[in-house]
Amino acid sequence: MPEVSEDLAGEFVLGALEANERSAVERRIRNEPDFRRAVDAWSHRLMPLLERMSPVIPPASTWAAI
Amino acid sequence: MLTQPEELLLELLRATVLGDQIASAELYRITSGKLYAIASRMLRRADTASDALQEAYVRIWTQSGDYDVDKGQPIHWMAAIVRHVCIDMLRRTASQPLPSPDLQEIEEVVPPHDIVSVDVDRCLRRLDATQSKAILMAFYFGLSHAELAQVFAVPLGTMKSTIRRAVARLKECLDPDDVNA
């Protein structure tokens, strides 16, 4: 995987891309298995940051609406 | 949330694939606090956060068959879905007031671990201040390059290279054995 694609996968998981860039990345995720693996690897690297967040109970109406 | 046995979430996801509604409801009960925290942080509005959560759970249930352990922990896969929904909503709607790049404020919202047990936290500390703040703001608030440039009052190109360098350094720090890093 070229470094530029690796970085792009990282920026996608990070959430910094604009709407048009995101659509292009989503197409690559569907069509390029190597790129999809790069995205999964970035997810693996960054998602532990979510451990910093304490849960917030959603309003009961949210469940009712589902 | 992440300390819960991952096996339980895995079992609930698998039961959801088979159409078990009790399992789907249980999955919601034990994970919605975490996912709602993510959505409310990103969208910064309770009503849209609730909409995002609804959309995310519908996707989680319908896509539960796509989950496999290669995609990471079940909660991370679910979190990726809610983040995806939120970022799409953020990019569609007119800009909200942007959060400030004050590290103290960011860390009030998402305190770092006292004990640096998470690799990514350890690696973030090796970045320079702007890099790590920009990474945290993109990750927790879903800010785009352009929004980050505005928040940090720098040109867009500068912000893009800041992020790109930060991403490359994070990868280098997290995968030290990778000769290509």
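**Entry 1: where α1(A) meets α9(B)**

I began at the meeting of two helices from separate chains. In this predicted model, A:E6, A:D7, A:G10, A:E11 and A:L14 of α1(A) meet B:I163, B:R164, B:V167, B:A168 and B:K171 of α9(B). I sorted the residues of this contact by class and got four nonpolar, one polar and five charged.

Next I looked up the geometry. Helix α1 of chain A covers residues 3–14, and its axis comes within 10 Å of the axis of α9(B). The two axes cross at roughly 100 degrees. Angles from 65 to 115 degrees count as roughly perpendicular, and α1(A) and α9(B) are therefore roughly perpendicular to each other.

**Entry 2: the whole side of chain B that touches chain A**

I then widened the view to everything chain B brings to chain A. I found 47 residues of chain B in contact with 33 residues of chain A. Which elements give two or more residues to this side of chain B? They are α2 (21–43), α3 (46–63), α4 (74–92), α6 (119–124), α7 (129–141), α8 (145–152) and α9 (156–174) of chain B. The most comes from α2(B), with nine residues. By class, the residues on this side of chain B split into 28 nonpolar, 10 polar and nine charged.

**Entry 3: chain B as a fold**

Here I stepped back to the chain itself. I noted nine helices and zero strands in chain B, so to speak a plain α-α-α-α-α-α-α-α-α when read along the sequence. Chain B has 181 residues, and 37% of them count as buried. I also checked how far apart in sequence the contacting residues are. Taking contacts in chain B between residues at least 6 apart in sequence, 63% join residues at least 24 apart.

**Entry 4: two domains and what joins them**

I looked up the division of chain B next: domain 1 spans 6–92 and domain 2 spans 103–174. Taken over C-alpha atoms, the centres of these two domains of chain B are 24 Å apart. Five residues from domain 1 and four residues from domain 2 make up the contact. On the domain 1 side, α2 and α4 of chain B are the elements that give two or more residues. I see α4(B) giving the most to that side, with three residues. The residues on the domain 1 side divide into four nonpolar, no polar and one charged.

**Entry 5: the largest nonpolar core**

From the domains I went on to the core. The largest nonpolar core holds 64 residues, and B:A39, B:V82 and B:A138 touch the most other members. Again I met α4(B), which gives the most to this core, with 10 residues. Domain 1 and domain 2 of chain B each supply at least three residues to this core.

I picked B:V82 for a closer look. Which residues is B:V82 in contact with, leaving aside its neighbours within four places in sequence? I listed B:L35, B:I38, B:A39, B:A52, B:L53 and B:A56. As general background, nonpolar side chains tend to be buried together in soluble globular proteins.

**Entry 6: α8(B) and the residue after it**

I turned to a helix further along chain B. The buried residues of α8(B) are B:H145, B:E147, B:L148 and B:A149. Their cover includes α7 and α9 of chain B.

Just after α8(B), I came upon B:A153 with a positive phi of about 55 degrees. B:A153 sits in the loop between α8 and α9 of chain B. Is B:A153 buried or exposed? I counted 8 other C-beta atoms within 10 Å of B:A153, which means that it is exposed.

**Entry 7: two arginines in loops**

A second positive phi turned up at B:R44, about 60 degrees, although B:R44 is not a glycine. For context, most residues other than glycine have a negative phi. B:R44 lies in the loop between α2 and α3 of chain B. With 16 other C-beta atoms within 10 Å, B:R44 is partly exposed.

My last stop was B:R125, in the loop between α6 and α7 of chain B. B:R125 counts as exposed because it has 11 C-beta neighbours inside 10 Å, and the cut-off for exposed is 12 or fewer. I also checked B:R125 against B:L170: they are 45 residues apart in sequence and 9.9 Å apart in space, C-alpha to C-alpha.

Definitions and conventions. Residues numbered from 1 in each chain as written. Chains lettered and ligands numbered in written order. Predicted model: local features only at pLDDT ≥ 70, side-chain atom pairs only at ≥ 80, totals over all residues. Helix = DSSP H or I, 4+ residues; strand = E, 2+ residues; numbered from the N terminus. Buried ≥ 20, exposed ≤ 12 C-beta atoms within 10 Å, placed from the backbone. Contact = placed C-beta atoms within 7 Å. Nonpolar A, V, L, I, M, F, W, Y, C, P; charged D, E, K, R; others polar. Domains from an automatic or database assignment. Axes fitted to C-alpha atoms, helices over the stretch in contact; angles between N-to-C directions. Parallel < 35°, antiparallel > 145°, perpendicular 65-115°, else oblique. Core = buried A, V, L, I, M, F, W, Y, C linked by C-beta atoms within 7 Å.
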